[in-house]
Amino acid sequence: MVSPNSPQPVSAERRLLDLGIVLPNAPHPLGAYVEAVRSGSLLFLSGMLPVKDGKLQSVGRLGRELDESAGRDALRTATLNALSVAKAHLGLLDRVTRVVSVKVYLATAGDFHNQPIVADAASELLRDVFGEDKMSVRSVLGVTSLPLGAPVMLEVTFEVNN
């Protein structure tokens with residue numbers, strides 16, 4: 001029970017407002033798949049790309065055509081897309097009880113080693129929206145290429161309530 005003197009938890013929807021974040025429209029699948037599937041209390045998202053207005057924000061590999069900052073920007077866009085898909089599927093982001101898992105794929109040149117710094121862009125945004133207590137486990141993988149030449153791709157699994 002919450003007493004009148006104890007602080008109320010801040011909702012994800014409220015945090016978005018406080019952060020000045022307006023979510024983009026949820027992206028549409030680029031192939032024969034769906035963007036989100038719920039199984040029990042888990043919501044699985046497909047790989048989110050840095051798409052804005054139906055086009056990739058940037059193309060290339062980190063450490064070659066793009067630098068660390070451009071990678072973080074692209075990953076932030078992919079994370080906003082993930083939030084949009086989750087909200088479209090759930091109705092409200094407040095139904096998320098935990099960010100369970102984040103998988104970050106980065107198209108990189110062979111000598112790029114700052115994958116964790118780039119991946120922090122997704123983890124930090126999810127932390128800012130859902131709170132420190134709902135942070136996830138994370139995997140970061142450097143790969144040779146990603147769909148459509150995207151520099152980043154993000155997969156997220158959320159735990160949700162009814």
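This is a conversation between a visitor and a guide about a predicted model.

Visitor: Which stretch of the chain does UniProt annotate as a domain?

Guide: The unreviewed UniProt entry places "domain: Endoribonuclease L-PSP/chorismate mutase-like" at residues 13-150. Over residues 13-150 the chain is 33% helix and 22% strand, with the end C-alpha atoms 29 Å apart.

Visitor: Let's turn to the sheet. What is the strand order, and what makes S1 and S6 edge strands?

Guide: The open sheet has 5 strands in the order S1-S2-S7-S5-S6, with mixed pairing. Strand S1 (36-39) and S6 are the edge strands, as each pairs on one side only. From one strand to the next, the twist averages 15°. Helix H2 (residues 68-90) packs on this sheet and touches S1, S2, S5 and strand S7 (152-160). The direction of H2 makes about 35° with that of S7.

Visitor: How do you know that S5 and S6 pair?

Guide: Two strands count as paired if there are at least two bridges between them. S5 and S6 have 7 bridges, in the parallel sense, so by the cut-off of at least two they are a pair. Ser101 has Val137 in S6 as its bridge partner, and Val102 stands opposite Arg138 in S6. Between these two strands the chain passes through H3, making a right-handed β-α-β crossover.

Visitor: And in general, what holds paired strands to each other?

Guide: Strands of a sheet pair through backbone hydrogen bonds, either parallel or antiparallel.

Visitor: Why is Ser101 called buried?

Guide: Buried means under 20% relative accessible area. Ser101 has 14% relative accessibility, so it counts as buried. This serine is found in strand S5 (residues 96-107). Beyond residues up to four places away in sequence, Ser101 touches Ser136, Val137, Glu155, Val156 and Thr157.

Visitor: What makes Ser46 buried or exposed?

Guide: The cut-off for buried is under 20%, and Ser46 has a relative accessible area of 18%, so the verdict is buried. Ser46 lies in the loop between strand S2 (42-45) and strand S3 (51-52). Leaving out neighbours within four places in sequence, its contacts are Tyr33, Val34, Glu35, Leu154 and Glu155.

Visitor: Ala109 is my next stop. Why does Ala109 count as buried?

Guide: Its relative accessibility is 3%, so Ala109 counts as buried under the 20% limit. Ala109 sits in the loop between S5 and H3. Setting aside neighbours within four places in sequence, Ala109 is in contact with Arg61, Leu62, Gly63 and Arg64. The C-alpha atoms of Ala109 and Ser145 are separated by 9.5 Å, although these residues are 36 residues apart along the chain.

Visitor: Now for charges. How many salt bridges are there in the whole structure?

Guide: A search of the whole structure finds 5. Let's go through some examples.

Visitor: How do you know that Asp18 and Arg14 form a salt bridge?

Guide: A salt bridge needs a side-chain nitrogen of Lys or Arg within 4 Å of a carboxyl oxygen of Asp or Glu. In Asp18 and Arg14 the closest N and O atoms are 2.8 Å apart, so the pair qualifies under the 4 Å limit. Both residues lie in helix H1 (residues 12-19), 4 residues apart, about one turn of the helix.

Visitor: What makes Asp18 exposed but Arg14 partly exposed?

Guide: Exposed means over 50%, and partly exposed lies between the buried and exposed ranges. Asp18 is at 51%, so it counts as exposed, whereas Arg14 has 44% and is therefore partly exposed.

Visitor: Why does the salt bridge of Asp120 with Arg138 tie together separate parts of the sequence?

Guide: The closest N and O atoms of Asp120 and Arg138 are 2.8 Å apart. Asp120 lies in helix H3 (residues 115-130) and Arg138 in strand S6 (residues 137-143), so the pair ties together parts that are 18 residues apart in sequence. Asp120 has 27% relative accessible area and is partly exposed; Arg138, at 31%, also counts as partly exposed.

Visitor: What makes Arg127 and Asp128 a salt bridge?

Guide: Their side chains meet at 3.1 Å, N to O, so they satisfy the requirement of within 4 Å. Arg127 is partly exposed at 29%, and Asp128 is partly exposed at 33%.

Terms used: Residues numbered from 1 in each chain as written. Predicted model: local features only at pLDDT ≥ 70, side-chain atom pairs only at ≥ 80, totals over all residues. Heavy atoms only, no water. UniProt positions renumbered as here; feature names shortened; annotations may be inferred. Buried < 20%, exposed > 50% of the residue type's maximum accessible area, 1.4 Å probe, protein only. Contact = heavy atoms within 4.5 Å. Right-handed = clockwise from strand over helix to strand, strands pointing away. Axes fitted to C-alpha atoms, helices over the stretch in contact; angles between N-to-C directions.
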